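These are my notes from a first reading of the structure. I looked up the sheet, the helices beside it and one patch on the surface.

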Amino acid sequence: MVALRTAEGSLEISNDLMNTALNRHLKVMDERNIDVQMISARPVAMMHWERPFLVNKWTQITNDVIYQQTQMYPDRYVGIAQLPQHQSLETSNCVDELKRCVEELGFVGVLIMVRPGEGSLQFGALVALANAAAVSISILLVKRLSDSETPLMILTMFALFSTLL
């Protein structure tokens with residue numbers, strides 16, 4: 001669809017083919033004691049920089065694939081919607097797809113791109129990314145420390161390093 005520069009057609013993935021990929025992922029989830037995962041599009045795959053008519057169709061296809069996964073394993077996967085955002089379109093362009101995802105597909109969340117398109121990365125965005133990375137690292141460290149340290153020691157270390165940063 002994107003390669004042909006047309007919004008014609010659709011993407012049909014059989015449950016058998018989808019199941020092959022999902023079973024590998026479920027195995028990884030089980031190995032890590034993850035009961036439920038929220039499934040969404042990867043931001044880089046949301047195609048916000050494409051022509052608006054392609055973004056709209058791509059968004060529907062992506063949400064349909066996510067829905068297929070949630071229907072195959074409803075106890076393991078929960079859907080998070082992609083919206084057809086584009087820098088040249090009003091936000092109201094997203095309302096119909098949002099309603100479809102919530103009312104028809106049963107999704108429980110949505111990814112919202114603050115600045116869809118190929119805009120430049122600004123200082124504020126870099127600060128937000130650095131903050132997200134720091135929080136992620138702290139979560140991983142706390143999980144590791146919980147195997148060998150007391151909760152009081154973990155809180156003390158976390159407070160000390162947070163103050164220093």
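Before reading the sheet I fixed a term: two strands count as paired if DSSP finds at least two bridges between them. I also note that this is a predicted model.

Entry 1, the sheet. I looked up the strand order and found an open sheet of three strands, arranged β1-β2-β3, with parallel pairing. The edges are taken by β1 (37–39) and β3 (109–111); each has a single partner strand, so one side of each is left without a neighbour in the sheet. I noted that neighbouring strands of this sheet are turned against each other by 40° on average, direction ignored.

Entry 2, one pairing in detail. Over how many bridges do β2 and β3 pair? I found three bridges, in the parallel sense, with β2 covering residues 77–82. I then looked up Ile80 and recorded Gly109 in β3 as its bridge partner.

Entry 3, the helices. I asked which strands helix α1 lies across. Helix α1 (residues 15–31) lies across β1 and β2, and runs at about 115° to β2. Helix α2 (residues 52–72) also lies across β1 and β2; I recorded its angle to β2 as about 175°.

Entry 4, the surface. I looked up a nonpolar patch and found that Leu98, Val102, Val110 and Ile112 form it, with about 310 Å² of accessible area together. I traced Val102 to helix α3, which spans residues 95–104. Val102 has a relative accessible area of 45%, so I entered Val102 as partly exposed. That term covers values between the buried limit, under 20%, and the exposed limit, over 50%.

Note on methods
Residues are numbered from 1 along each chain as its sequence is written. This is a predicted model: local features need pLDDT of at least 70, side-chain atom pairs count only at pLDDT 80 or more; totals for chains, interfaces and linings use all residues. Side-chain values use heavy atoms; hydrogens and water are left out. Helices (H or I, at least four residues) and strands (E, at least two) are DSSP runs, numbered from the N terminus. Axes are lines fitted to C-alpha atoms, for helices over the stretch in contact, and angles run from 0 to 180 degrees between N-to-C directions. Contact means heavy atoms within 4.5 Å. Patches are made of residues with over 30% relative accessible area and no salt bridge: like charges are joined within 9 Å, nonpolar side chains (Val, Leu, Ile, Met, Phe, Trp, Tyr) within 5 Å. Accessible areas come from the Shrake-Rupley method with a 1.4 Å probe; for residues, only the protein chains shown count as cover. A salt bridge is a side-chain nitrogen of Lys or Arg within 4 Å of a carboxyl oxygen of Asp or Glu. Buried means under 20% relative accessible area, exposed over 50%, partly exposed in between (1.4 Å probe, protein chains only).
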